[in-house]
Each structure stands twice: as structure tokens, then as C-alpha cells.
Amino acid sequence: MLALYALLLCLPAVILGQDLQALADQNFDQIDIDKDGFVLLYEFEQFFLRMDTNHDSRVSRHEYTVQVTNIYGHDPQLNHVMHALYDELDINSDHHVDVVDIDIIFDIADKDNDDRVNREEFAEYFIRAIQIATGK
């Protein structure tokens with residue numbers, strides 16, 4: 001889940017086939033609040049919570065869809081990819097992306113188990129999540 005909001009920001013570019021590594025780097029820089037070259041769990045959680053408009057500590061499909069639509073407008077192709085991505089990020093399939101999902105995704109992305117995700121780990125997870133969600 002390290003990439004929910006970050007992926008949300010780049011979906012149109014993904015559909016258009018832009019360089020995924022460059023998108024991963026751009027989004028890593030947005031999530032790395034203190035700019036130390038690592039994303040900590042709290043940084044990712046803060047980034048994620050920006051989509052939680054009703055402040056219940058979870059992002060519903062509706063909140064997610066509203067964010068994407070507000071940013072990019074209504075696009076059927078984008079909506080299809082967006083919903084596939086949301087389903088991929090809802091690790092426990094409870095129809096919400098929440099702290100449980102975020103923690104699991106953070107652990108998956110943190111390949112060396114040092115409780116921080118470096119740029120390479122983030123890019124690997126980010127690119128793979130997009131590929132799974134888009135079937136590419």
C-alpha cells in the first residue's frame with residue numbers, strides 16, 4: 001500500500017505509458033516528508049490519510065474514486081484501472097484501504113526489514129503494483 005495515493009497521482013501517466021521508474025521517483029519524493037531518502041511508516045500513513053475525507057482512518061472506494069475524479073475528471077479507462085488498483089491495495093479485501101493494509105504493504109515494500117523503505121524498494125513495489133493492477 002505504500003503507493004495508494006502516489007499511484008492515484010500517476011494513473012493517467014500509467015495509462016499513457018510513461019516511464020514507471022520516473023513516476024516512482026517522483027512519488028517517492030512526495031511521500032518522503034523529511035527528505036532523508038527513506039519513507040517511514042508514519043510518512044506513508046500521513047500521505048495516505050489525505051484521501052480519508054470522512055476521517056474514519058480508512059479510504060473507501062468512494063473516497064478514492066472522488067479523489068481521482070476531482071483530479072482527472074471522468075474517464076472510463078482511468079476508472080477501470082483505478083478500481084483494479086484499489087482492489088489490489090485492499091490487501092485484506094474488506095472494501096476499505098486502512099492501516100492494516102498500509103502496514104502489510106509497507107512490510108512487503110521493506111525488503112531488507114529495516115523499518116524504512118528506500119527509493120529502490122519503493123520503486124520495485126510501486127512498479128509491480130501498477131503492473132498487477134493494469135495487467136501489464
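Select Asp52 to begin: its side chain reaches the backbone nitrogen of Asp56 at 3.1 Å. The model is a predicted one, in which local features need pLDDT of at least 70, side-chain atom pairs count only at pLDDT 80 or more, and totals for chains, interfaces and linings use all residues. Residues are numbered from 1 along each chain as its sequence is written, and side-chain values use heavy atoms, with hydrogens and water left out.

**Around Asp52**

Asp52 is placed in the loop between helix 3 (41-49) and strand 2 (58-60); helices (H or I, at least four residues) and strands (E, at least two) are DSSP runs, numbered from the N terminus. Now display the contacts of Asp52, meaning heavy atoms within 4.5 Å. Apart from neighbours within four places in sequence, Asp52 touches Ser57, Arg58, Val59 and Glu63.

Which side chain of opposite charge is nearest to Asp52? It is Arg58, 7.3 Å away; Asp52 is buried and has no salt bridge. Here buried means under 20% relative accessible area, exposed over 50%, and partly exposed in between (1.4 Å probe, protein chains only). A salt bridge is a side-chain nitrogen of Lys or Arg within 4 Å of a carboxyl oxygen of Asp or Glu. For charge, Lys and Arg count as positive and Asp and Glu as negative, while His and the chain ends are not counted.

**The salt bridges**

By this rule, the count is six salt bridges. Select Arg58 next: this residue forms a salt bridge with Asp56, the closest N and O atoms being 3.5 Å apart. Arg58 is partly exposed at 31% relative accessible area, and Asp56 is partly exposed at 33%.

Move on to Asp87 and Arg61, whose side chains meet in a salt bridge (2.2 Å, N to O). This pair links distant parts of the chain, with Asp87 in helix 5 (residues 76-89) and Arg61 in helix 4 (residues 61-72), 26 residues apart. Asp87 is partly exposed, with 44% relative accessibility; Arg61 is partly exposed, with 30%. Salt bridges with shared partners also join Asp25, Asp29 and Arg119 into one network.

Select Arg119 and Asp25 within that network: their side chains form a salt bridge (3.7 Å, N to O). Arg119 belongs to helix 7 (residues 119-134) and Asp25 to helix 2 (residues 20-31), so that distant parts of the chain, 94 residues apart, are linked.

**The whole chain**

Finally, show the full protein chain, which holds seven helices and four strands. Buried residues make up 46% of its 136 residues.

Key
Polar contact = N/O pair within 3.5 Å; in protein donor to acceptor, adjacent residues only side chain to side chain.
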